[in-house]
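Student: I'm new to this one and would like to learn how to read it. Could you walk me through it, one feature at a time?

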Amino acid sequence: MTDQIDNGETTAPNAWIKAAASAGLAGPRPVIAVTLYGQRLVLFRDDEGELGLIGRHCPHRGADLCFGRREDNGLRCPFHGWHFDRTGQCVEQPAEPEDSTMYKTIKLPSYPVVEKDGFILTYMGEGEPPAIAGLADAQQS
């Protein structure tokens, strides 16, 4: 479940970097933990096959989202059921009043991801990500 790519550096380059091999998301539960530039993240493929790379710990009680349920194109926290989409946005908070909109203010860190040549690449640098040669052949989320 873990794909550690932590070289001890804490500043990501302004370039696309390998987050994981695509094969790491093959199988019945396409969710893996990755550590990149000191950040603990969770990489997953949602119900539509799209990729998400978001913060690994739920902001409510710190539960590890790697153990969350993959549903409705996101991950549901295993502790209190907060639901996050592939951009890290909280989209549901069970047990909140029906008219509550607090969930709209909660967002985990997230990074753009692209699948290319058997790898999943992410951009964690400053500003807009640079173009990738052959991006038309890649699946971008």
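Tutor: Happy to. Let's start with a term we'll need: a residue is called buried under 20% relative accessible area, exposed over 50%, and partly exposed in between. Take glutamate 92: its relative accessibility is 34%, so it counts as partly exposed. Bear in mind that this is a predicted model.

Student: Since it's predicted, what is the average pLDDT of the protein chain?

Tutor: The general idea comes first: where pLDDT is low, the predicted coordinates should not be read in detail. Here the protein chain averages 87, and 87% of the residues score at least 70.

Student: Where in the protein chain is confidence lowest, and where is it highest?

Tutor: The low point is strand E1 (residues 2-4), with a mean of 41, while strand E5 (residues 51-55) is at the top with 97. Across residues 1-5 the pLDDT is below 50, and that stretch has 19 contacts in the model beyond near neighbours in sequence.

Student: Okay, on to sheets. In what order do the four strands of the open sheet come?

Tutor: In general, strands of a sheet pair through backbone hydrogen bonds, either parallel or antiparallel. In this case the order is E6-E7-E8-E9, and the pairing is antiparallel. Strand E6 (69-71) and strand E9 (90-92) sit at the edges, each pairing on one side only. From one strand to the next, the twist averages 35°.

Student: How many bridges join E6 and strand E7?

Tutor: Three bridges, with E7 covering residues 74-76 and the two strands pairing in the antiparallel sense. You can look for arginine 69 there: it stands opposite arginine 76 in E7.

Student: Now the charged side chains. How many salt bridges does a search of the whole structure find?

Tutor: The general idea is that side chains of opposite charge can pair when their charged atoms come close. The search finds eight salt bridges. Among them is the one between glutamate 71 and arginine 76, at 2.5 Å from N to O.

Student: Are glutamate 71 and arginine 76 buried or exposed?

Tutor: Use the cut-off of 20%. Glutamate 71 has 18% relative accessibility, so it is buried. Arginine 76 has 8%, so it is buried too.

Student: Which glutamate in strand E9 does arginine 76 meet in a salt bridge?

Tutor: That's glutamate 92, at 2.7 Å from N to O. Because arginine 76 lies in strand E7 and glutamate 92 in strand E9, the pair ties together parts that are 16 residues apart in sequence. Put the pieces together and you get a network of salt bridges linking Arg69, Glu71, Arg76 and Glu92.

Student: Which residue forms a salt bridge with arginine 45?

Tutor: Glutamate 115, and the closest N and O atoms are 3.1 Å apart. This pair links distant parts of the chain: arginine 45 is in strand E4 (residues 39-45) and glutamate 115 in strand E10 (residues 113-116), 70 residues apart. Arginine 45 is buried, at 16% relative accessibility, and glutamate 115 is buried as well, at 17%.

Student: One last spot: where is alanine 21 found?

Tutor: In strand E2 (residues 16-21). With a relative accessible area of 33%, alanine 21 is partly exposed. Its C-alpha atom is separated by 9.2 Å from that of aspartate 117, which is 96 residues apart from it along the chain.

Conventions
Residues numbered from 1 in each chain as written. Predicted model: local features only at pLDDT ≥ 70, side-chain atom pairs only at ≥ 80, totals over all residues. Heavy atoms only, no water. Pairing = 2+ DSSP bridges. Axes fitted to C-alpha atoms, helices over the stretch in contact; angles between N-to-C directions. pLDDT = per-residue confidence, 0-100. Contact = heavy atoms within 4.5 Å. Salt bridge = Lys/Arg side-chain N within 4 Å of Asp/Glu carboxyl O. Buried < 20%, exposed > 50% of the residue type's maximum accessible area, 1.4 Å probe, protein only.
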